[in-house]
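Reader: I am new to this structure. Please take me through one part of it closely, the surroundings of the bound ligands.

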Amino acid sequence: MKVDVLLGLQWGDEGKGKIVDVFTPKYDIIARFQGGPNAGHTLEFNGQKHVLHTIPSGIFHNDTKNIIGNGVILDPYIFDKEIQKLRLSDVQPENNLFVSKKAHLILPSHRLLDAVYEKSKGAQKIGSTLKGIGPCYTDKISRTGLRVGDLLCKDFDTKYQNLKKKHFTIIESYGYDLSDILFDNLSFDEYEKQWMKCTNTVKQMNIVDSEYLINNALKAGQKVLAEGAQGTMLDVEFGSYPFVTSSNTIASSVCSGLGIAPQKIGKVYGVFKAYCTRVGSGPFPTELFDADGQALRDNGHEYGSTTGRPRRCGWLDLPALKYAIMLNGVTDLVITKADVMDDFDYVKVGEKYLLENKELDFFPFEINDENLKPEYISHQGWKKDITKIDQIADLPKELMEYIAYVEKETEVPVSIISVGPDRKQTMIR
Ligand code: GDP
Ligand code: IMO
Ligand code: MG
């Protein structure tokens with residue numbers, strides 16, 4: 001059996017969580033392979049909305065195993081809050097949630113470092129989610145991090161104190177007043193106490209060698225779906241560096257983030273919004289600052305699932321989408337949120353870039369909003385409420401033309417069309 005992959009092709013928040021939830025009944029295992037609680041994946045069903053940060057989006061299906069893979073980084077405090085919320089929804093995660101021993105731990109001092117680094121960057125800040133992502137992955141690569149498996153070792157406390165001490169040497173060198181940096185409205189000391197308590201919640205879960213669990217499941221003929229977090233344009237290697245996250249978000253990361261050989265990758269589902277959004281700083285060639293941008297934000301409720309920040313909105317960016325499809329080897333496209341433009345007279349697409357007045361149709365190294373201008377093509381709007389449509393044949397002709405245009409340009413079929421946040425508002429071709 002092969003591992004299918006579902007990931008984001010833009011700057012995150014494409015609707016990955018919703019689609020994973022829809023796909024889950026077809027799979028035995030759903031596994032996160034990278035990222036951490038910077039992610040916010042929203043699922044809606046039975047009139048209820050759930051936001052997941054570290055836990056895979058298959059968790060509401062009792063018969064499906066959910067794995068937090070070795071490539072993920074986990075904050076016990078945030079993880080504990082997620083578990084508590086799931087219990088309120090009658091989910092018993094200890095039955096179907098598995099955590100890799102090799103997943104790295106986000107310490108309270110990683111969060112403090114994130115805050116200090118961002119403060120020191122001033123106007124050049126990344127706009128990080130302040131969840132400690134960059135500092136935790138830095139420790140992983142520097143070979144100084146702590147992992148979930150370390151929680152089970154007798155000397156965890158000593159290891160923790162040693163790493164914290166190293167972090168504080170850096171933090172104090174900045175000379176900032178730290179008293180106004182709060183986590184969940186808690187002072188550092190109080191947060192740290194709570195964090196320590198929450199490590200018990202992690203210990204109550206199934207802590208496993210997830211690479212064996214997944215490979216054995218594949219051998220036994222089980223079906224696995226790898227769930228991406230963030231988006232391709234936030235990939236540390238290929239995204240709009242340095243305004244990126246600190247992990248590889250692309251399909252190749254499934255191999256290292258779960259311990260899977262490259263030939264075991266099957267289908268790659270690439271999720272994209274019918275337009276674009278970005279939260280945080282960094283280049284965004286098709287960003288809109290006008291009434292169309294505001295309408296996308298309002299109609300699409302474009303406010304971050306993790307931080308509540310307003311998302312920057314703009315038209316679909318075709319060169320960036322083609323770049324993302326190339327990097328991931330996307331076999332199937334999933335279009336979400338076309339319904340957000342139901343009342344638009346026209347729908348535009350950035351078809352090519354002009355870099356210092358020269359036409360480009362690829363995604364250049366020298367990307368910034370000053371030198372790069374998109375050339376737009378305009379499509380006719382469909383001017384129809386599509387949120388209640390449940391047959392592809394009933395979708396408006398103008399929307400199908402828009403989709404056909406994307407398929408022609410990208411040479412990849414759009415296999416799934418999502419027309420609303422609910423599980424049921426999904427059509428499979
Ligand atoms: P993720 O991080 O990729 O899982 O996406 P988020 O959950 O952060 O953001 C996507 C938002 O759009 C969530 O509020 C979803 O409930 C919502 N959503 C997903 N698909 C659709 C869709 O087709 N139409 C509309 N209107 N909302 C959608
Ligand atoms: P999901 O999985 C959207 C953005 C942050 C910031 C940059 C770096 O829900 O799609 P970090 O905290 O990772 O150091 O922040 O990346 N970012 C996301 N934007 N969706 C996400 O996840 C994101 N995770 C990080 O806003 O610009
Ligand atoms: Mg999100």
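How far is an oxygen atom of ligand 1 from a polar backbone atom of G420?

Author: The distance between an oxygen atom of ligand 1 and a polar backbone atom of G420 is 3.1 Å. On its own, ligand 1 would expose 590 Å², and the protein buries 94% of that area. Keep in mind that this is a predicted model.

Start with the shell around ligand 1. It has 20 residues, and K16, G40, T42, D339 and S418 come nearest. By class, three of the shell residues are nonpolar, nine are polar and eight are charged. Two elements, α1 and β3, each give at least two residues to this shell.

Two further contacts to ligand 1 can be followed atom by atom. A polar backbone atom of K16 sits 2.8 Å from one of the ligand's oxygen atoms. T42 uses its side chain instead: a polar atom there lies 2.5 Å from an oxygen atom of ligand 1.

Now stay with K16. How exposed is this residue? Its relative accessibility is 3%, under the 20% limit, so K16 counts as buried. The K16 side chain also forms a salt bridge with that of E14, with N and O 2.8 Å apart. E14 has a relative accessible area of 0% and is buried.

S418 is another of the residues that come nearest to ligand 1. It belongs to strand β19, residues 414-418. With a relative accessible area of 2%, S418 is buried. Its side chain joins that of K18 in a polar contact of 2.9 Å.

G40 leads to the metal. The magnesium ion, ligand 3, is coordinated by D13 through OD and by G40 through O, at 2.0 to 2.2 Å. D13 sits in the loop between β1 (3-8) and α1 (16-23), while G40 sits in the loop between β2 (29-32) and β3 (41-45), so the pair ties together parts 27 residues apart in sequence. Are the two donor residues buried or exposed? G40 is buried, at 11% relative accessible area. D13 is partly exposed, at 22%. The limit for buried is under 20%, so D13 falls outside that class and G40 inside it.

D13 has a second role to look at. It is linked with K273, E302, R311 and K337 in a network of salt bridges. One pair in it is E302 and K337, whose side chains meet at 3.0 Å, N to O. This pair links distant parts of the chain: E302 is in the loop between α10 (291-299) and β13 (312-314), K337 in the loop between β15 (332-336) and β16 (346-355), and they are 35 residues apart. E302 counts as buried, at 0% relative accessibility.

Strand β15 also holds D332. D332 is buried, at 8% relative accessible area. Its side chain and that of K267 are joined by a polar contact of 3.2 Å.

Next comes ligand 2. Which residues come nearest to it? They are K16, H41, T129, Q230 and T245, out of 21 around this ligand. So K16 is on the nearest list for ligand 1 and on that for ligand 2. The shell around ligand 2 divides into eight nonpolar, ten polar and three charged residues.

Three contacts fill in the picture here. N38 brings a polar side-chain atom to 2.9 Å from an oxygen atom of ligand 2. For G127, a polar backbone atom is 3.4 Å from an oxygen atom of ligand 2. For V279, the corresponding backbone distance is 2.9 Å. Taken alone, ligand 2 exposes 550 Å², of which the protein buries 97%.

Last, the salt bridges as a group. The count comes to 20. One of them joins E192 and K164, with the closest N and O atoms 3.0 Å apart. This pair also links distant parts of the chain, with E192 in helix α7 (residues 188-203), K164 in helix α6 (residues 156-173), and their positions 28 residues apart. Both E192 and K164 are buried.

Note on methods:
Residues numbered from 1 in each chain as written. Chains lettered and ligands numbered in written order. Predicted model: local features only at pLDDT ≥ 70, side-chain atom pairs only at ≥ 80, totals over all residues. Heavy atoms only, no water. Donors = N, O, S within 2.8 Å, 3.2 Å for Na, K, Ca; no water. Helix = DSSP H or I, 4+ residues; strand = E, 2+ residues; numbered from the N terminus. Buried < 20%, exposed > 50% of the residue type's maximum accessible area, 1.4 Å probe, protein only. Near = heavy atom within 4 Å. Polar contact = N/O pair within 3.5 Å; in protein donor to acceptor, adjacent residues only side chain to side chain. Areas by Shrake-Rupley, 256 points an atom, 1.4 Å probe, with all protein chains shown as cover. Nonpolar A, V, L, I, M, F, W, Y, C, P; charged D, E, K, R; others polar. Salt bridge = Lys/Arg side-chain N within 4 Å of Asp/Glu carboxyl O.
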